[in-house]
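Biologist: I should be grateful for a close look at a single strand of this model and at its surroundings. Please describe how that strand is placed and what lies on either side.

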Amino acid sequence: MTRREFLKAFVFLWSFLSLKEDSNAEGKNEQLHEAMFWRRVEDG
Amino acid sequence: MGKIVQCELCPNGCVLDVNQTSRCRTRINKDGKLYSIVYGKPCAVHVDPIEKKPFFHFLPGTKAFSIATAGCVLSCKFCQNWQISQAKPQETDTYDLPPDKVISYTKTYNCKSIAYTYTEPTAFYEYMFDTAVKAKENNIKNTMHSCGYINEKPLRKLCKYMDAADIDLKAFTEDFYDKICNGSLKPVLNSLVVLKEEKIWLEITNLVIPTLNDDMKKINEMCRWIVKNLGADVPLHFSRFFPHYKLTNLPPTPVETLTNARKTAIDAGLKFVYIGNVRTEAENTYCPSCKKILIERTGYQIIKNNISNGKCRFCNAAMPGVWS
């Protein structure tokens, strides 16, 4: 593998992994709705 | 007061520090407030025959718009839907389906009812509750298939909008609930009594698992408890177990065991006892008075319905259920 080919592969892999990370982040973006039936408790 | 909260929805009573998630995986403490993270985000949406829930005495032959989010308050080793019930919401593919859209689809697909099912509806209580309120306003019936592991206060609030419930009575021993489901039996029995008191149409499902809950003495005890506390008219479905999730080492339930369980239940006084997950004559409804077939079924399909205006067409005996 030439230096140029290596760099191309590296850039491709980097973009792929970044994209994957973004899509996971989107999946974890919770949509919150206030729950019913709960209470605050004393610390400790 | 700090920012620690306690969830009071189910008997687990999860105490959660900031950013901690409940045992059911659907509720999170954000900065001292408890939130549901599955509201309007079902991972399963289907149009099913109502018989699949199973409801055999509730609008037979109609369709139910069925929804579920990820999550469950128990962790049964035999769960048949473990891929979604035991998953974190973030691990599932979800639809964007707020209550208004559920109502709209229910009408579009000509369903008479909405079924909160597949996983444990208590885990998506707020979503179920708001949808049920809107359904009632739109003359759509609400049904749920639940394990009944819910505290009395939220259950009674829900009952104002719920029309029918099928409760999994998984066994009749605390030991089974503790070791196999990571829960307890007592709250489930209390839920059954509450549903009866609130006049919700009730059916019960018991999955019979070889060696774990197939002792006829305990089945007899369970059936006598049902007759005494809920009445002889409550339909009981004995369901055949197939190896799933963490119980792949056990064989499917022999049909003979299910037949014995049905006989035990009838001897204990129950009038409507069915066998599910296997094709037998015990999927039909028989008139307790004249013994003729009232509803003939094959799987989830109705072949013949001999109930007219809630009565047996042959002997005119009144049949318990919701027929129209």
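**An enclosed strand and its partners**

Modeller: In this predicted model, strand 10 of chain B, residues 201-208, is largely enclosed by the rest of the structure, because 8 of its 8 residues are buried. Buried here means that a residue has under 20% relative accessible area. The covering extends to both faces of strand 10 of chain B. On one side, Trp201(B), Glu203(B), Thr205(B) and Leu207(B) are all buried; on the other side, so are Leu202(B), Ile204(B), Asn206(B) and Val208(B).

Strand 10 of chain B also has strand partners. It pairs with strand 9 of chain B, residues 164-168, in the parallel sense over 5 bridges. Within this pairing, Ile204(B) in strand 10 is the bridge partner of Ile167(B). Strand 11 of chain B, residues 236-240, likewise runs parallel to strand 10 of chain B, and 5 bridges join the two. Here Val208(B) stands opposite Arg240(B), which belongs to strand 11 of chain B. The connection from strand 10 to strand 11 of chain B passes through helix 7 of chain B, residues 216-229, and this β-α-β crossover is right-handed.

A further sheet involves both chains. An open sheet of 3 strands has the order 2(A)-1(B)-2(B), with antiparallel pairing. Its edge strands, strand 2 of chain A (38-40) and strand 2 of chain B (15-16), each pair on one side only. Strand 2 of chain A and strand 1 of chain B, residues 5-7, are joined in the antiparallel sense over 3 bridges, and Arg39(A) stands opposite Gln6(B) of strand 1 of chain B.

Definitions and conventions:
Residues are numbered from 1 along each chain as its sequence is written. Chains are lettered from A and ligands numbered from 1 in the order in which they are written. This is a predicted model: local features need pLDDT of at least 70, side-chain atom pairs count only at pLDDT 80 or more; totals for chains, interfaces and linings use all residues. Side-chain values use heavy atoms; hydrogens and water are left out. Two strands pair if DSSP finds at least two bridges between them. Helices (H or I, at least four residues) and strands (E, at least two) are DSSP runs, numbered from the N terminus. Buried means under 20% relative accessible area, exposed over 50%, partly exposed in between (1.4 Å probe, protein chains only). A crossover is right-handed if, with the strands pointing away from the viewer, the path from the first strand over the helix to the second runs clockwise.
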